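Biologist: I would like to learn how to read a model like this one, feature by feature. Can we start with the open spaces and go on from there?

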Amino acid sequence: MEEIYDAAAVESAAQEYWDQRHTFEVREDSARAKYYCLSMFPYPSGRLHMGHVRNYTIGDVLARFMRMQGHNVLQPMGWDAFGLPAENAAMSNGVPPAKWTRQNIAYMRNQLKSLGFAIDWTRELATCDPSYYRWNQWLFLRMLEKGIAYRKTGIVNWDPVDKTVLANEQVIEGRGWRTGALIEKREIPMYYLNITRYADELLGALDDLPGWPDRVKTMQANWIGRSEGCEIVFPYAPDTRAVMSADGALKVFTTRADTIFGVTFMAIAAEHPVALEAGKSNPRLNAFIDECRRGSVMEADVATQEKRGMRTGLHVLHPFTGEPIEVWVANYVLMGYGEGAVMGVPGHDERDFEFALKNGLPIVTVVRSATGVYDEVREPWIPAYGEYGVTVNSGEFSGLEFKPAVAAIAAALEKTGLGRKRIQYRLRDWGISRQRYWGCPIPIIHCAECGDLPTPDEQLPVVLPENLVPDGSGNPLAKTPAFYECVCPKCGKPARRETDTMDTFVDSSWYFLRYACADQANAMVDERAAYWLPADQYIGGIEHAILHLLYSRFWTKVMRDLGLVKISEPFTNLLTQGMVLNDIYSYQPPEGRKRYFNPADVHTRRDADGGEIHEVTTPESGLIRVVHEGLGKMSKSENNGVDPESLVARFGADTARLFIMFASPPEQTLAWSDEGVQGASRFIRRLWVAVYDHVSKGLPTKLDTRALTPAERDMRRAAHQALAKATDDIGRRRHFNTAIAAIMELLNAIGRCGDASPQGRAVRHEALEIAVMALSPITPHVCHALWQGLGHQTGLIDERWPEVDPAALVQDAVEIVVQVNGKLRGRVSVPASADEATIREAAIADEHVRKFIGDKPIRKLIVVAGKLVNIVV
RNA sequence: GCCCGGGUGGCGAAAUCGGUAGACGCAAGGGACUUAAAAUCCCUCGGGGGAAACCCUGUGCCGGUUCGAGUCCGGCCCCGGGCACCA
């Protein structure tokens with residue numbers, strides 16, 4: 001082996017070795033245990049960033065580790081290739097999204113290859129290829145047949161200047177990002193997937209996912225949000241009936257039917273038909289409705305905005321008392337969620353309480369506190385008002401606890417047809433229509449006479465033209481007759497093709513199935529999916545904890561119900577990687593769009609008061625001062641990614657991999673800093689030198705474990721302890737940083753041991769082999785070279801993971817910590833086999849401990865076997 | 001606003017089931033080697049006191065449970081993620 005470690009030479013040699021032997025190409029093999037190691041595929045944004053390196057190194061460590069444990073390992077890679085950034089890039093530089101995307105894929109593929117991941121590249125896929133997205137279209141049509149896909153209206157952000165629909169990300173403080181125009185809500189027809197049909201199963205099946213982190217399961221359960229309650233009908237009063245020129249009712253859902261007698265107002269959404277009718281004859285109300293219809297559709301905005309309302313002057317009737325109740329329009333009630341109406345119980349709901357105070361509405365106490373905290377609800381609000389208690393002022397339903405009250409009220413409502421018990425989910429159906437170009441076309445044909453028809457299967461795929469360049473003024477597909485002009489499959493007359501495309505979450509909801517059979521031209525999936533799925537390990541960012549992971553679970557269940565797969569859940573084990581954060585710097589010019597600057601280009605200095613000043617030199621305006629917005633996940637939109645390329649060029653892929661794995665455990669959020677990269681590089685060089693020094697003196701004699709000196713036994717124990725720790729940390733705990741620390745400690749121990757005797761060299765040889773093998777999943781290239789340096793002809797990746805020798809771990813004596821009143825006062829060494837009485841005596845006998853006991857009587861003495869004694873005086 | 005995480009030295013972190021707080025590394029300071037630099041090796045390194053032995057104190061803040069709390073419970077503060085059209 002070479003004396004000097006040359007990362008570039010070592011890495012290209014190792015990669016060539018694997019490539020030539022097609023080491024990571026795998027076939028289905030029913031005789032071997034399979035291990036499908038899946039990482040979330042990247043969006044081809046242009047360059048890898050450290051979040052990708054972290055994600056794919058975690059996957060690679062597990063793939064290589066499991067392979068060395070004897071599994072048939074599949075680790076695939078692909079591209080989540082449709083999406084908004086390609087259109088944005090097209091707008092700024094005139095390149096078609098397809099070209100931009102494919103260039104990025106080519107570049108990033110090379111970056112991934114330079115990092116030496118054990119990927120089967122023969123299965124690579126990109127979601128923008130017709131051979132992939134045709135199956136989106138095909139399955140969508142099957143869903144349409146089953147009624148899982150359907151059409152209804154939905155609300156979108158509308159930019160009135162560019163006359164285009166904007167993504168939430170493109171709405172900044174209520175204005176369009178390019179035009180600065182105030183955004184309006186607009187209702188348009190869209191396609192939806194009926195995920196709520198699966199709500200119950202998606203919720204219940206979380207219990208069958210022991211390999212998922214609790215925090216993800218909790219988030220999903222809360223997102224689905226099952227609540228038991230009542231649907232209650234408030235019939236129109238005569239005034240409302242007159243305005244609506246029909247009979248009707250406001251329908252609400254509530255989990256607090258026990259408070260029905262506390263209803264003092266009704267709140268409806270601005271888009272509600274009753275609101276719209278009432279607005280026609282009331283200009284002030286109409287203006288308020290208009291105001292509500294502007295602004296954001298985002299839940300975060302709706303929830304934080306000031307709660308405002310205006311009376312309609314109309315009334316509905318209380319289902320029990322028949323009393324008229326005033327109907328208000330409120331900006332916090334959303335039409336898209338439930339029936340667009342809620343009952344207002346200011347006595348026992350905090351939001352209603354504030355609304356009532358502000359608008360001078362009556363507050364009625366209808367629940368008596370179970371703990372006697374209050375008699376009557378009055379200002380200010382206290383949390384106890386919202387708690388369960390016993391009903392009062394509720395007519396025949398007074399004096400009941402929560403559950404019996406709800407049961408009695410629901411039964412009474414059912415009798416009169418004015419309500420019933422119902423289960424409601426917070427989860428809403430998944431709207432998949434996007435008024436955008438760079439996505440999978442929705443395979444629908446609109447015929448003036450025959451209506452909306454599915455594109456016949458034999459005409460699939462509906463191919464997206466790849467040469468268009470969006471300009472920000474709406475979907476270019478809608479301006480391209482060659483795309484949208486078509487023939488009605490039913491009547492043969494000219495018809496118009498749907499120009500909306502699918503949400504890119506559709507693409508990512510099943511790509512992991514396609515990897516099993518990416519070359520299959522005649523079906524969405526084939527029998528190979530049955531071999532590989534479910535994925536044994538899925539790895540990806542915690543930011544996908546809800547949407548992507550929930551959609552993938554839903555999609556899998558739909559495919560199961562269509563008989564396409566046998567599995568119900570796609571991912572057996574989930575590792576949610578913490579985000580790699582970096583500083584965000586921005587500059588808001590007096591006019592136009594906010595610009596973001598990469599932290600690498602920002603210079604920070606201190607002003608006279610010690611405050612920080614951040615500056616960037618720009619070609620067009622010279623030195624400008626930028627604002628530090630804080631830390632955020634590395635993303636293209638905030639331009640705070642760190643390209644690993646320079647790190648790889650300077651130190652090599654192994655150092656980059658080792659550094660990111662050593663920085664923290666994978667689930668933890670990581671604020672980016674390259675401090676410490678020197679240490680990773682240094683450690684690899686030290687390992688190289690240790691192996692070189694060892695083998696340059698010739699290969700050792702055979703190890704004879706019975707003929708070791710105490711020091712040699714210590715060395716051997718250190719090696720096997722490190723192996724045991726690394727095996728457990730990688731295989732079970734997934735704490736790669738402490739596995740690395742254990743191997744560092746081992747190398748330190750090897751360095752301290754100067755034993756040059758034949759058995760001393762044999763022990764060192766074993767220890768070095770353990771260090772090289774245990775580190776190999778993390779730094780595979782250098783370990784590949786060192787393995788050959790240690791005298792092996794084989795490729796390390798084809799070796800079996802070493803076994804811990806239990807005999808090597810045996811210790812004669814153990815150190816026991818002695819506390820007096822919980823404070824550390826001494827340490828005693830006792831035989832490993834010592835019983836409790838011996839330990840107790842040794843502890844009390846310790847001179848230093850006695851000083852602290854003094855002449856005080858021992859009141860209590862706790863012995864923790866093998867660890868600690870606590871003496872209480 | 002709601003849901004989910006996190007907060008430990010100058011920095012990244014460790015402490016796996018309530019039992020020695022700071023393993024392993026970075027940075028810094030001191031020293032060795034060198035004409036010099038780099039690299040490498042050795043020593044110091046939470047704060048306070050002390051010549052030292054050692055003592056006191058310390059895991060975001062306030063309170064509690066326990067022989068013993070970074071870890072469990074209650075209340076807060078701050079940071080990050082998600083909130084359905086960024087991916």
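Biologist: Which strands each supply at least two residues of the lining of the second largest pocket?

Modeller: Keep in mind that this is a predicted model. The strands are S5 (149-159), S6 (164-166), S9 (184-193) and S24 (494-497). S9 gives the most, with four residues.

Biologist: How is such a space found, and what volume does the second largest pocket have?

Modeller: Rolling a probe the size of a water molecule over the atoms shows where empty space is left. Here the second largest pocket comes to about 430 Å³. Its lining holds 22 residues. Nearest its centre lie Gln435, Asn475, Ala478, Thr499 and Asp500. By class, the lining has seven nonpolar, eight polar and seven charged residues.

Biologist: Now the closed spaces. How many cavities of 30 Å³ or more are there?

Modeller: The count is four. The largest cavity has a volume of about 170 Å³. It is lined by 20 residues, with Glu87, Met91, Thr164, Val165 and Gly472 nearest its centre. Helix H3 (84-93) and strand S6 each supply at least two residues of that lining. S6 also supplies at least two to the second largest pocket. The cavity lining divides into eight nonpolar, seven polar and five charged residues.

Biologist: On to the RNA. How many residues surround RNA strand B?

Modeller: There are 77. The closest are Asn168, Arg436, Ala663, Arg682 and Lys725. Of the strand B atoms that come within 4 Å of the protein, sugar and phosphate account for 64%.

Biologist: Which helix gives the most to the surface near RNA strand B?

Modeller: Helix H23, residues 736-752, with six residues. The whole surface near strand B divides into 29 nonpolar, 23 polar and 25 charged residues.

Biologist: Which part of RNA strand B does the side chain of Gln435 approach?

Modeller: A base nitrogen. An N or O atom of the Gln435 side chain is 2.9 Å from it. Gln435 is also among the residues nearest the centre of the second largest pocket. Asp80 instead has a polar side-chain atom 2.6 Å from a sugar or linking oxygen of RNA strand B. Gly676 uses its backbone: an N or O atom there lies 3.2 Å from a sugar or linking oxygen of strand B.

Biologist: Next, cysteines. How many disulfides does a search of the whole structure find?

Modeller: First the idea. A disulfide is a covalent bond between the sulfur atoms of two cysteines. The search here finds zero.

Biologist: Why is Cys450 not bonded to Cys491?

Modeller: The two sulfurs are 3.7 Å apart, so they are too far for a bond. Cys491 has the closest cysteine sulfur to that of Cys450. Cys486 is in no disulfide either; its nearest cysteine sulfur, in Cys488, is 8.1 Å away.

Biologist: Is Cys486 buried or exposed?

Modeller: Buried, because its relative accessibility is 12% and the cut-off is under 20%. Cys450, at 23%, counts as partly exposed.

Biologist: What should I look for in the backbone angles?

Modeller: Look for exceptions. Most residues other than glycine have a negative phi, and most peptide bonds are trans.

Biologist: Which residues does a cis peptide bond join here?

Modeller: One joins Glu379 and Pro380, with omega about -15°. Another joins Leu460 and Pro461, with omega about -5°. Pro380 sits in the loop between strands S16 (367-369) and S17 (389-391). Pro461 sits in the loop between strand S22 (451-454) and helix H14 (481-484).

Biologist: And where is Ser245, with its positive phi?

Modeller: Ser245 is in the loop between helix H8 (238-244) and strand S11 (249-254). Its phi is about 40°. At 66% relative accessible area, Ser245 is exposed. Asn393 has a positive phi too, near 50°. Asn393 lies in the loop between S17 and helix H13 (402-416), and counts as exposed at 55%.

Biologist: Last, polar contacts within the protein. Which side chain does Asp526 contact?

Modeller: That of Arg528, at 2.8 Å. Asp526 is in the loop between helices H16 (511-514) and H17 (527-532), and counts as buried at 14%. For a contact with the backbone, take Thr218 in helix H7. A polar atom of its side chain lies 2.8 Å from the backbone oxygen of Asp214.

Terms used:
Residues are numbered from 1 along each chain as its sequence is written. Chains are lettered from A and ligands numbered from 1 in the order in which they are written. This is a predicted model: local features need pLDDT of at least 70, side-chain atom pairs count only at pLDDT 80 or more; totals for chains, interfaces and linings use all residues. Side-chain values use heavy atoms; hydrogens and water are left out. A residue is near a molecule or strand if one of its heavy atoms lies within 4 Å of it. A polar contact is a pair of N or O atoms within 3.5 Å; within protein, one must be able to donate a hydrogen and the other to accept it, and residues adjacent in sequence count only if both atoms are side-chain atoms. Ala, Val, Leu, Ile, Met, Phe, Trp, Tyr, Cys and Pro count as nonpolar, Asp, Glu, Lys and Arg as charged, and the others, Gly among them, as polar. On a 1 Å grid over the protein atoms alone, a cavity is a set of points where a 1.4 Å probe fits but cannot get out, and a pocket is an open set with protein on both sides within 12 Å along at least five of seven lines; lining residues have an atom within 4 Å of a point. Grid points are joined across faces, edges and corners, and a volume is the space filled by probe spheres set on the points. A disulfide is a pair of cysteine sulfur atoms within 2.5 Å. Buried means under 20% relative accessible area, exposed over 50%, partly exposed in between (1.4 Å probe, protein chains only).
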